[in-house]
Amino acid sequence: MLEVRGLTKRFGSIVAVEDFSLAVAAGEILALLGPSGCGKTTVLRIVAGLERPDSGRVLLAGQDATDWPPERRGVGLVFQSYALFPHLSVAANVAYGLRFKGGDRKGRVGELLALVGLSGFERRKPHQLSAGQQQRVALARALAPEPRVLLLDEPLSALDAALRKDLRAELRGLLGKLGMTALYVTHDQGEALALADRVAVMREGRIEQVAPPADLYARPRTPFVAQFLGRANLWPGRVVSVDGDRAIVEVAGERIAAERGECRDGDEVFLFFRPEWVEVGEGTFTAEVESAEYLGDRWELRARFHGLPLVLVTAHNLRPGNTFPFAVSSALAIRR
Amino acid sequence: MAGPPRRLTGRRAAGAALALLPLLFLGVAFFWPLWDVLRLGLQVDGRWTGERLQAALSDPYVRRLILFTLEQAALSALLSLLLGFPLGWFLTRYRFPGRGLLRAFTIVPFVLPSITVALGFVLFFGRSGYLNRFLMAVLGLGEPPIQVLYTLWAVVLAHAFYNAPVVARFVNAAWERADPTPVEAARTLGARPLRAFFTVTLPLLLPAVLSALALVFVLCTLSFSIPLALGGARYATVEVGVYLYARGVVASFPRAAALAILTLGLSLVLTYLHLWGGGTFSARQGGVGLAPTVPLFTRSRPSRALWLLYLLPAAVVFLGPIAAVIADSFLHPAPGGASPTLHWYRMILSPAWNPFIESSPLAAVRTSLVVGGGATALSLVLGLSVSAVLRRVRSRVLETVLMAPLAVSSVVLGLALLLAFRRPPLSALGGGWAIVLAHTLIVYPFVVRAIRPLWDALDPALPEAARALGASPFIAFRTVTLPLLGGGVLAAGAFAFALSLGEMTAVAMLSGPGVMTMPMAIYHFLGSRDFGAASAMATVLMGTTALAAWAWDRAGSRWLKRDGASADSRPPAENAPLSFASPPGGGEGRVRGNPPPSGPKPSTSRSAARPFGRFHA
């Protein structure tokens, strides 16, 4: 439904987006995830037609839309600030995009406000609404003209944490129900993992990895992705032997089995594993606890293994200074 | 998708056309005419030469014009300081009922058309004016004790009337922003109040005082109708000289052009100096403290009654002339006592031909309204398009070009258009158009100044949201941007209208047979000693300008309040009346290329303290 090829955009000497390619299938929610300043909003604005790329193409439903002005693209855009028209009522805000189309405006406005749970708020002005309600109006306004693609620019970032989580689930349900194709820009990994069918991790204007959330979490391709999504142990080492999908990585003089990933024999790699993949009380390695943090149902431990930092979660109550045996139940070699 | 997609290049072209429109207008109505002035003053037989300038400079009359201009400007600045500093101090230091009102009142002199002030001075300070009559009656004198009219002092006093409130606002703003702790420190270190004032407070206020002085000096240098009406040909400034050479009995366009170039150079130098100084001065500003105030009326400090020695004469100087105009407009003079009448108001609406103004009073009112309406409409269109261009293209060069008319005084502008309307293409238009164009050029920079901060404070996502929802750029502007700027645009329009109504300088340069506006009519009534008619027209004019200034003020503060969250240029509520987009000088050409009369604003002090800050904002 939406495809971009080789986008590059510079602002002065700053390269915001470089050789960026991505495709979003019809009905798919794709999250564009990255730290602030990585160029994700620029991509969104190029897709919306609010910025012009220096090079590269934007395709909408197979047609080259690179040179189309925003009003011809048929994309809905939800702004971070919502950008509700302060001089118009809720109903007039939602109806704004309908004035450029035929059909029953009033009915459609009612339908959309019902969809986002704001029936009865038609006559209110934006400033009379709570932040969460404003967010819903912005969503309804963007959906009203039946866009082919919905673009969302950090739509939940202005809300407080609890509300954000509620709206996240609601948004997911709503987009799924409508079968909407959506590009969702966020810097919040939790939001991306919870909402998206696929997540594209961006860094400094480029894509690091595109994958479904579970894959991204379990099988990051780069150390950046590994660290950006959740907590990670990354130990420097070297692949000493390869057997099919498996590799043996030598770390601090010890040999540890791992998934091979994209590495070859002899590569300098990071041995990557999540804290919850560490099994305490088994195996041949020992580590010493440096600090322990009680999380309620389990402990998060920071420990040292041959001088390397080790983060893990466990149900065992271990105190700083304790040593314990552990095994890594699953690990992945990531090229450095 | 609806319809065939338009090419982006088409939008680029539309954007370029948008920038070309104001450039084209300024080219035809401003730069080309100005070029005519330069050629006339600097070319002899097609050769560039300084002969005409030299000839002008060696003329004793011209030398006297220049010397007088600088002399009266310096004296005016000093008197403004003398009258204004205590007022600023008073407003800062004391709490008393009506303090806010008094502070708001300091804007009043500034928005008054200066011909009405000149009229007020004649009526109040004249030989048989109210003040002399009062003093003669009280003191039992046979001769009027005060004889200032048609002297240097009349000009200086009228300039002080205008500019003392400016100084007061500067001082008040700087003082309120000054950190009070250094003074407290000085007191704990053993300094007595007076010593602390001279060693700590005054040095801290010095930048603001110097800024205000420089500003007032520039304003008075470029002043026109005050010296014209109160000084006559003998006490004329360079600006008046340009007018006399262009429109007087011994008309000489080349000499007028040479003088125009001199005054242009003078104003550019002064502006540069002020900018340079303003930058230096404001570097030290930026405190946040609010000076503590004390109640004015307490039994324990009877010494504060000393303030009456200042406040009473000040009130006489400021309120007397205005009151005299209003009073005279309702009085029928007769030997043995005046009687109330509406005769003068009936007269200024009369369609009968009046030989003194070479038109009928009603026609003058009508012309003023038509010219004002035309200039308002044009300046709004021009102001909006210039604002739009400057939002897109952040170029200092382009900004200087698009705001250039600010740097040229009304007299020079008038001369340029006078010359331009004698040749194609502008000669195809009628004489009234010259005045409309002049007023447009005078007013639109203020429209730009009013609109740009509002526009900048507007979330850029709003028009973008409209675009994404299917609106074309024009529709997005009309349905989203314009309504959100709405109040600001209306206020700017009201202000533009008031400014045009009161403007006399360009009209004096450009008026012709049958083209007579209200300020010019007042000037001629004044010349023919027809004080009743002059007063009635001046009262109407003052009322209209005051109303427009008030509307501008209200709308301004309301708009800034509403968009407050995003407007970092928001002035504090207390100073809102003046700070909002700074209405410029009297509805008349007395100040051109003039700075805002506002004191330094807390948040935008750097640009507010300088007359041409907009070039550098």
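The side chains of Glu259(A) and Arg219(A) form a salt bridge whose closest N and O atoms are 1.9 Å apart; the term denotes a side-chain nitrogen of Lys or Arg within 4 Å of a carboxyl oxygen of Asp or Glu. This pair links distant parts of the chain, 40 residues apart: Glu259(A) is in strand E13 (residues 254-259) of chain A, and Arg219(A) is in the loop between helix H7 (213-218) and helix H8 (223-228) of chain A. Helices (H or I, at least four residues) and strands (E, at least two) are DSSP runs, numbered from the N terminus.

The structure is a predicted model, in which local features need pLDDT of at least 70 and side-chain atom pairs count only at pLDDT 80 or more, while totals for chains, interfaces and linings use all residues. Residues are numbered from 1 along each chain as its sequence is written, chains are lettered from A and ligands numbered from 1 in the order in which they are written, and side-chain values use heavy atoms, with hydrogens and water left out.

**Salt bridges within the chains**

Over all chains, the count comes to 26 salt bridges. Three of them are tabulated here with the relative accessible area of each partner. Buried means under 20% relative accessible area, exposed over 50%, and partly exposed in between (1.4 Å probe, protein chains only).

| Pair | N to O distance | Acidic partner | Basic partner |
|---|---|---|---|
| Glu259(A) and Arg219(A) | 1.9 Å | Glu259(A), 25% | Arg219(A), 37% |
| Glu290(A) and Arg304(A) | 3.1 Å | Glu290(A), 46% | Arg304(A), 35% |
| Glu399(B) and Arg452(B) | 3.1 Å | Glu399(B), 9% | Arg452(B), 15% |

Arg304(A) belongs to strand E16 (residues 299-305) of chain A and Glu290(A) to strand E15 (residues 278-294) of chain A, so their salt bridge ties together parts that are 14 residues apart in sequence. In chain B, Glu399(B) of helix H17 (residues 396-402) pairs with Arg452(B) of helix H19, so parts that are 53 residues apart in sequence are tied together.

**Interface of chains A and B**

In this interface, 28 residues of chain A are in contact with 29 residues of chain B, contact meaning heavy atoms within 4.5 Å. The buried area is about 2,500 Å², of which carbon and sulfur atoms give 62%; this is the accessible area (1.4 Å probe) that the two parts lose on being put together, summed over both. Two salt bridges are counted between the chains. Glu464(B) forms a salt bridge with Arg45(A), with the closest N and O atoms 2.5 Å apart. On the side of chain A that touches chain B, strand E6 (75-78) and helix H4 (131-143) of chain A are the elements that give two or more residues.

Helix H4(A) has 13 residues and reaches 18 Å from its first C-alpha to its last, close to the 18 Å expected at 1.5 Å a residue; the expected span is 1.5 Å times one less than the number of residues. Ten of its 13 residues are buried, so H4(A) is largely enclosed by the rest of the structure. Among these buried residues are Gly132(A), Arg136(A) and Leu143(A). The buried residues of H4(A) pack against elements including E6 and helix H5 (161-178) of chain A, together with helix H20 (461-468) of chain B.

**Two buried residues of chain B**

Val443(B) lies in helix H19 (residues 431-457) of chain B and counts as buried at 2% relative accessibility. Leaving aside neighbours within four places in sequence, Val443(B) is in contact with Ser379(B), Ala496(B) and Leu499(B). The C-alpha atoms of Val443(B) and Leu499(B) are separated by 7.1 Å, although these residues are 56 residues apart along the chain.

Glu239(B), in helix H12 (residues 238-247) of chain B, is buried at 1% relative accessibility. Not counting residues up to four places away in sequence, Glu239(B) touches several residues, including Thr221(B), Phe224(B), Thr263(B) and Val411(B).
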